[in-house]
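Below, a reader puts questions about a model and an author answers them. The sequence and structure come before the questions.

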Number of protein chains: 2
Amino acid sequence: MHIFKEIAPLRDHLKSLRSGQSSIGFVPTMGALHKGHLGLINASKNHNDITVCSIYVNPTQFGNPEDLAKYPRTLEQDIDLLEQASCDVLFCPSNTVMYHRAEPLTISFDKLDRILEGEFRPGHFSGVAVVVSKLFNIVQPDIAYFGQKDYQQVMIISKLIEAMKFNVQLHVVPTVREHDGLALSSRNQRLSVDERNRATVLYQGLRATQQGLIQGLPLSELRTRVAALCDSKGVRMEYLEVVDQDTFEVKESPTRAVILIAAYVGNVRLIDNLVVESQDEIA
Amino acid sequence: MHIFKEIAPLRDHLKSLRSGQSSIGFVPTMGALHKGHLGLINASKNHNDITVCSIYVNPTQFGNPEDLAKYPRTLEQDIDLLEQASCDVLFCPSNTVMYHRAEPLTISFDKLDRILEGEFRPGHFSGVAVVVSKLFNIVQPDIAYFGQKDYQQVMIISKLIEAMKFNVQLHVVPTVREHDGLALSSRNQRLSVDERNRATVLYQGLRATQQGLIQGLPLSELRTRVAALCDSKGVRMEYLEVVDQDTFEVKESPTRAVILIAAYVGNVRLIDNLVVESQDEIA
């Protein structure tokens, strides 16, 4: 695996591959890699000649300095995992490389960046959009791979690609879960054993909401139930919402909806989501 | 000259040229081409194997619907001028091609987009930044050429390139002027003969301000004088400001400063600027 910390040598390397007509798949990450990330790498390897992974904990998408400071950083282990997964190129830049000086611009997305994650993490999606724009312009991939776990982020990046006319296809890969339903997340590494067990309540809440919606129960009632379920596990629910899968508008019917949850388990904020397709209603 | 109205065929055409190692120079315009634009085309032809010009009157950078409706459109004549200048490629997309649906995002630039042009044309620089981002991602030029006449626009694009890590060099080409100093502008086409003559007051005001600053006169006094000069010609000055050439901060000393003016001549809003180098002080 070729490892680059600077932009120019990476560009040179990729330019020669590109002129040889190699297609480039790209998996942007913040490191602390888990099986979810490796699923993205595998998807990229199945579709492309060359797979590029980036590891960069982007400060501008963290509103909370403690969250940034405590975000897991496991670069040596990440490199081993990427080598095992036969990733071709790793880009792991410093802050100085990514932000020449104080970031001069921000990107706003009408309503989409002010609801759900955007409401509780102001500025988060501008940080995401800016860093993904930088990475797209550096790597110039044919296809970029993102995990469905960060559903709203995927919506933002989809709009970013459309608006900026990035010549990049977006592939969304389903969330990878533990045996008890917990969505894989780098932040899970920060949980104690006890917190790890209690964290399954997010997925249980999503499933209960899914079933309740299919039974025709109102979301307000389901939200109260799930908040109580979280409370019973010492988990503080931040939001539980149902939106249209495509438009992200608030949704009444459960068809083509996505249910999203955010909750604090101890000091660690976790998010998860569950897509409800029409066939789920029949099941 | 190859003319493209759609993105995909343009990308295919440029991809084959790029894989042959041709360098691509890019001149984005809103059409109604004049000698200023042709200077940009010539600069690009001198530096690059292939020169691409775009003609697109971008609605999202117009706050004033009348200004958008009356912006001169002279495509047939523009094509003749580009053919004579041996431009290689013209991209002239429709609104539908450039904006798939309502634009989902806006770009903000800290203070830079809220002063001068930004103050009098709210949203203008977001429109500029978005459309230039689209065009950069479509054309993927090595070098992009912009006129110094739109000085603040050049500052915005410089910050956009830096922040988004566009792999594009920015070349700024000096303003082309008529014999009496009037800066060439597509909007000059909207002036009557009488207005055209009175419009020279913008350049006269800039020169008077330059001389006054070198003599140590305060800007407030110079601003009053230039406003009176404009008034005497029936021209309404909107602003006259002096900022640092590089940082765009308000400037007290005239060294490495740029003086910027905006004024209405009849219903037509014109802008101009004059850079004050240290040697100007000695002269």
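**Chains, contact and sheets**

With 283 residues, a compact globule would have a radius of gyration near 19 Å, and chain A agrees because its value is 19 Å. The radius is taken over C-alpha atoms, and the globule rule is 2.2 Å times the number of residues to the power 0.38. This is a predicted model, in which local features need pLDDT of at least 70 and side-chain atom pairs count only at pLDDT 80 or more, while totals for chains, interfaces and linings use all residues. Residues are numbered from 1 along each chain as its sequence is written, and chains are lettered from A and ligands numbered from 1 in the order in which they are written.

Reader: What box do the C-alpha atoms of chain A fill, along the principal axes?

Author: The secondary structure of chain A comes to twelve helices and ten strands. Helices (H or I, at least four residues) and strands (E, at least two) are DSSP runs, numbered from the N terminus. Taken along the principal axes, the C-alpha atoms of chain A fill a box of roughly 55 × 40 × 35 Å.

Reader: What relation do chain A and chain B have?

Author: A turn of 180 degrees with a shift of 0.0 Å along the axis lays chain A on chain B, with an RMSD of 0.0 Å. The superposition is by least squares on the C-alpha atoms of residues with pLDDT of at least 70 in both copies. The relation is therefore that of a two-fold axis.

Reader: Which residue of chain A comes closest to the rotation axis?

Author: The distance is taken at C-alpha and comes to 2.3 Å. The contact residues of chain A recur in chain B to 100%, the same surface serving both copies. The residue of chain A closest to the axis is I107(A).

Reader: How do the residues of the side of chain A that touches chain B divide?

Author: The contact (C-beta atoms, placed from the backbone, within 7 Å) takes 25 residues from chain A and 25 residues from chain B. On the side of chain A, helix 1 (7–19), strand 5 (106–108), helix 7 (124–139) and helix 8 (151–164) each supply at least two residues. Ala, Val, Leu, Ile, Met, Phe, Trp, Tyr, Cys and Pro count as nonpolar, Asp, Glu, Lys and Arg as charged, and the others, Gly among them, as polar. The side of chain A that touches chain B has eleven nonpolar, seven polar and seven charged residues.

Reader: Which residue of chain B does T106(A) stand opposite?

Author: Strand 5 of chain A and strand 5 (residues 106–108) of chain B run antiparallel and are joined by three bridges. Two strands pair if DSSP finds at least two bridges between them. Opposite T106(A), in strand 5 of chain B, stands S108(B).

Reader: How far apart do the C-alpha centres of domain 1 and domain 2 of chain A lie?

Author: The assignment, automatic or from a database, gives chain A domain 1 (2–173) and domain 2 (186–274). The contact between them takes twelve residues from domain 1 of chain A and 13 residues from domain 2 of chain A. Helix 6 (117–120) and helix 8 of chain A each supply at least two residues of the domain 1 side. The C-alpha centres lie apart by 26 Å.

Reader: Which strands of chain B stand at the edges of the sheet of six strands?

Author: The six strands form an open sheet with parallel pairing, in the order 1-4-3-2-6-7. Two strands of this sheet each have a single partner strand, so one side of each is left without a neighbour. These edge strands of chain B are strand 1 (2–4) and strand 7 (169–173).

Reader: Which residue of chain B stands opposite F26(B)?

Author: Strand 2 (residues 24–29) and strand 6 (residues 143–147) of chain B run parallel, joined by two bridges. The residue opposite F26(B), in strand 6 of chain B, is A144(B).

Reader: In strand 10 of chain B, what is the bridge partner of A263(B)?

Author: An open sheet of three strands in chain B has the order 8-9-10, with antiparallel pairing. Strand 9 (residues 257–265) and strand 10 of chain B pair over nine bridges in the antiparallel sense. The bridge partner of A263(B) is L270(B).

Key
Two residues are in contact if their C-beta atoms, placed from the backbone, lie within 7 Å.
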